[in-house]
Amino acid sequence: MGIKQFIGYSLLVLASLVVSAQGSDFEFYKLSLIWPSSACYPLSNCTTPLPTFFTIHGLWPTFANDTAVPAYGPNNRCNANPVGPDAAVARLTPIQDRLNQRWPNLRAGVENSVFWRHEWQNHGICSDYPQDPLSYFNDTLNLATSTKFDPFKALGVQPSNTPYLLNTLLQNVYTKMGAYPQISCSQRSGGALYLREIRFCLKRTKKTPPSVVQSCPTTVAGGCKDPLTDNVHFPPAN
């Protein structure tokens, strides 16, 4: 190998290591839960009947500046030899019934496994579970269905036709859990805001699953923006 080839090869290896370090050096996880009655608009776009509980969107590795770790790919080899998306879904048979119930794809005509494959490709591979998709999905299920992360208890309110103040919802969660969540809204015609997702932020620790709650660096997302005095709809289940 000539000197130029050696230098070029060395730079490629170094670049790969740098990208890997960036991809895996995340700070915390977001446990993101969806309120179907807000997310499914118009209703004809979604499967029916809609779940009457918060469903799972995902468990997302997140950098300290509150940006998501990029999806695994040529520019982000965050973990070595991860299980690929198709193989990951094939390993989920033991928990498939629970996944179908709590982690469904709400979009009509799209299989649930398509959603799971997407979440593994975009978040699971760059998590602390790159070779263990079954534990990644099972731990997420257990977190999402635990009383600790029950959105109704955390928010301190029930779905209603009367909107709530966004700041009230955030403060309720802080009072209950000692940490602020992130609330993501969808916006409908006329500017009305709807509580689409609540996201709990969990510290990354040496042991999995993550369980220690921290305040999310950014408390609002999507259509929710300051001022926090905005009214947010949390509609009853359809």
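Buried means under 20% relative accessible area. Keep that cut-off in hand for the exercises on this predicted model.

**Exercise 1. Find which residues of helix 6 are buried, and what covers them.**

Step 1. Locate the helix. Helix 6 covers residues 133-144, a run of 12 residues.

Step 2. Check its span. From first C-alpha to last, helix 6 reaches 16 Å, close to the 16 Å expected at 1.5 Å a residue.

Step 3. Apply the cut-off. The buried residues of helix 6 are Pro133, Tyr136, Phe137, Asp139, Thr140, Leu141, Leu143 and Ala144.

Step 4. Recall a rule. An α-helix has 3.6 residues a turn, so residues three or four places apart point the same way.

Step 5. Look for the cover. Strand 1 (28-34), strand 2 (55-62) and strand 5 are included in it. So are helix 3 (85-90), helix 4 (96-102) and helix 5 (112-124).

**Exercise 2. Decide the handedness of the disulfide between cysteine 40 and cysteine 46, and whether its ends are buried or exposed.**

Step 1. Confirm the bond. The sulfur atoms of cysteine 40 and cysteine 46 lie 2.2 Å apart, and the two form a disulfide.

Step 2. Read the torsion. About the S-S bond it is about -100°, so this disulfide is left-handed.

Step 3. Compare each end with the 20% cut-off. Cysteine 40 has 3% relative accessibility, so it counts as buried. Cysteine 46 has 11%, so it counts as buried too.

**Exercise 3. Work out which parts of the chain are linked by the disulfides of cysteine 78 and cysteine 185.**

Step 1. Take cysteine 78. Its disulfide partner is cysteine 126, with 1.9 Å from S to S. This pair links distant parts of the chain, 48 residues apart. Cysteine 78 sits in the loop between strand 2 and helix 3, cysteine 126 in the loop between helix 5 and helix 6.

Step 2. Add the geometry. The angle about the S-S bond is -85°, and the link of cysteine 78 and cysteine 126 is left-handed. Both of these cysteines are buried.

Step 3. Take cysteine 185. A disulfide joins it to cysteine 224, S to S 1.5 Å. Cysteine 185 lies in strand 4, and cysteine 224 in the loop between strand 7 (220-222) and strand 8 (231-234), so the pair ties together parts 39 residues apart in sequence. Cysteine 185 and cysteine 224 are both buried.

Step 4. Place the pairs in the whole. The structure has four disulfides. With the bonded cysteines numbered in sequence order, the pairing is 1-2, 3-4, 5-8, 6-7.

Definitions and conventions
Residues numbered from 1 in each chain as written. Predicted model: local features only at pLDDT ≥ 70, side-chain atom pairs only at ≥ 80, totals over all residues. Heavy atoms only, no water. Helix = DSSP H or I, 4+ residues; strand = E, 2+ residues; numbered from the N terminus. Expected span 1.5 Å × (residues − 1). Buried < 20%, exposed > 50% of the residue type's maximum accessible area, 1.4 Å probe, protein only. Contact = heavy atoms within 4.5 Å. Disulfide = S-S within 2.5 Å.
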